[in-house]
Every structure is written in structure tokens, then in C-alpha cells.
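Trainee: I'd like to practise reading a structure residue by residue. Could we go through one together?

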Amino acid sequence: MDLNNIKKQIEEISAKNGFRESEIVSAIEAFLRIQYVYEAANSETEQTIEDVKRKVLKTIYRNKGQKLMVNMRTDHSTLFGLDILEMEYLERATDELEAEGLALFAPYEYSLTVKGVSLVKKL
């Protein structure tokens, strides 16, 4: 499969399922980082990542329509209530949430999927 085929698939998925192409590309990027960039986490690191994921999900859930509008000036530490250690794992946590189909992280909007809303209700 070459990049042209991938582009076609992205366009088809976007048209068929109503996702923006940028959301699909973002999910693909998250998957690639998880598979090929991040090192395997030890149990302590994994627990920190899970804590960050939980805080992110709950914060987005509390907003109208389970969406957050963000920009370059957004202080993610304050927004999600993260300490400096947790901030180290924010990118990985959001990548995992996106790869798991729980949330979407577009450049200016964070939102939960139906699967993400369902999970937060169980927490």
C-alpha cells in the first residue's frame, strides 16, 4: 500500500463515517507514535499514564457536548489538573486515548467519542 492509497482510504472513511480527514490523520499519527516511538512503560509509568488519561477524559466529559476548545495558549496543566510529572506523559496519554477510540484531539478541539463517554460514566 502506498501513500496515495492511504489518502484515498482516509477520504472514503471521512465521507462514509462523517469524520473530518484531519481527525483520521491525527488518529493515524497517534497510532504510529504508540507503535514506533514510545518505549514500553514500567508499572509505575503505566499507572501515571492511566491517571493522566482518566483526568483528561473526566475534564472533557464535564464540558458541554463533551468538547473542549483549545488554542496554542491553553495551559494544559491547569486545564486537566496535572502536576509536572503527569505533564511529561500528557502527549502519550492523549495518543493512547485516541488510538483506543475514546477521544479525538484535533488541533483546536478535544472531544470524546461515544465509547469515551460510556467509559467516563463507568468511572
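Trainee: Happy to start at the beginning of the chain. Is D2 buried, partly exposed or exposed?

Mentor: Before we begin, keep in mind that this is a predicted model. D2 sits in the segment before α1. Its relative accessible area is 40%, and the partly exposed class runs between 20% and 50%. So D2 is partly exposed.

Trainee: How far apart in space are D2 and R73, C-alpha to C-alpha?

Mentor: In sequence, D2 and R73 are 71 residues apart. In space, the C-alpha to C-alpha distance between D2 and R73 is 37 Å.

Trainee: Let's move to L3. Is L3 buried or exposed?

Mentor: L3 has its place in helix α1. The relative accessible area of L3 is 69%, and the cut-off for exposed is over 50%. Therefore L3 is exposed.

Trainee: Which helix supplies the largest share of the nonpolar patch?

Mentor: The patch covers about 720 Å² and is made by L3, I6, I28, F31, L32, Y36 and V37. Both α1 (3-17) and α2 (21-36) supply at least two residues each. The largest share, four residues, comes from α2.

Trainee: Now the aromatic rings. Is the pair of F80 and Y110 stacked or edge-to-face?

Mentor: A search of the whole structure gives two aromatic pairs. In the pair of F80 and Y110, the ring centres are 6.4 Å apart and the planes are at 15°. Planes under 30 degrees apart count as stacked, so the pair of F80 and Y110 is stacked.

Trainee: Which parts of the chain does that pair link?

Mentor: F80 and Y110 are 30 residues apart, so to speak of distant parts of the chain is fair. The two elements are helix α4 (residues 76-80), which holds F80, and strand β3 (residues 109-112), which holds Y110.

Trainee: Are F80 and Y110 buried or exposed?

Mentor: The cut-off for buried is under 20% relative accessible area. F80 has 4%, and Y110 has 12%. Both F80 and Y110 therefore count as buried.

Trainee: What kind of pair do F105 and Y110 form?

Mentor: The ring centres of F105 and Y110 are 5.0 Å apart, with the planes at 65°. Like Y110, F105 is buried, and ring pairs link F80, F105 and Y110 into a cluster. Planes over 60 degrees apart count as edge-to-face, so the pair of F105 and Y110 is edge-to-face.

Trainee: F105 makes me curious about the pockets. Which residues are closest to the centre of the largest pocket?

Mentor: The largest pocket holds about 270 Å³ of space. Its lining has 15 residues, and α2, α4 and α6 (90-99) each supply at least two of them. The closest to the centre are S26, R33, T94, D95 and F105.

Trainee: On to the charged side chains. How many residues apart in sequence are the parts that E109 and R20 tie together?

Mentor: Side chains of opposite charge can pair when their charged atoms come close. E109 and R20 meet in a salt bridge at 3.6 Å, N to O, one of 10 salt bridges in the count. E109 lies in strand β3 and R20 in the loop between α1 and α2, so the parts are apart in sequence by 89 residues.

Trainee: Which of E109 and R20 counts as buried?

Mentor: R20 has 41% relative accessibility and counts as partly exposed. At 16%, under the 20% cut-off for buried, the residue that counts as buried is E109.

Trainee: Which residues are linked with K53 in a network of salt bridges?

Mentor: K53 and E100 meet at 2.9 Å, N to O. K53 is in helix α3 (residues 43-61) and E100 in the loop between α6 and β2 (103-106), 47 residues apart. K53 counts as buried at 4%, whereas E100 is partly exposed at 33%. Linked with K53 in the network are E50, R92, E96 and E100.

Trainee: One last pair, K55 and E86. Which helices does it tie together?

Mentor: The side chains of K55 and E86 meet in a salt bridge at 3.0 Å, N to O. K55 is partly exposed at 30%, while E86 is buried at 8%. The pair ties together parts 31 residues apart in sequence, namely helix α3 and helix α5 (residues 84-88).

Key:
Residues are numbered from 1 along each chain as its sequence is written. This is a predicted model: local features need pLDDT of at least 70, side-chain atom pairs count only at pLDDT 80 or more; totals for chains, interfaces and linings use all residues. Side-chain values use heavy atoms; hydrogens and water are left out. Rings of Phe, Tyr and Trp (its six-membered ring) pair if their centres lie within 6.5 Å; planes under 30 degrees apart count as stacked, over 60 as edge-to-face and the rest as tilted. Buried means under 20% relative accessible area, exposed over 50%, partly exposed in between (1.4 Å probe, protein chains only). Patches are made of residues with over 30% relative accessible area and no salt bridge: like charges are joined within 9 Å, nonpolar side chains (Val, Leu, Ile, Met, Phe, Trp, Tyr) within 5 Å. Accessible areas come from the Shrake-Rupley method with a 1.4 Å probe; for residues, only the protein chains shown count as cover. A salt bridge is a side-chain nitrogen of Lys or Arg within 4 Å of a carboxyl oxygen of Asp or Glu. On a 1 Å grid over the protein atoms alone, a cavity is a set of points where a 1.4 Å probe fits but cannot get out, and a pocket is an open set with protein on both sides within 12 Å along at least five of seven lines; lining residues have an atom within 4 Å of a point. Grid points are joined across faces, edges and corners, and a volume is the space filled by probe spheres set on the points.
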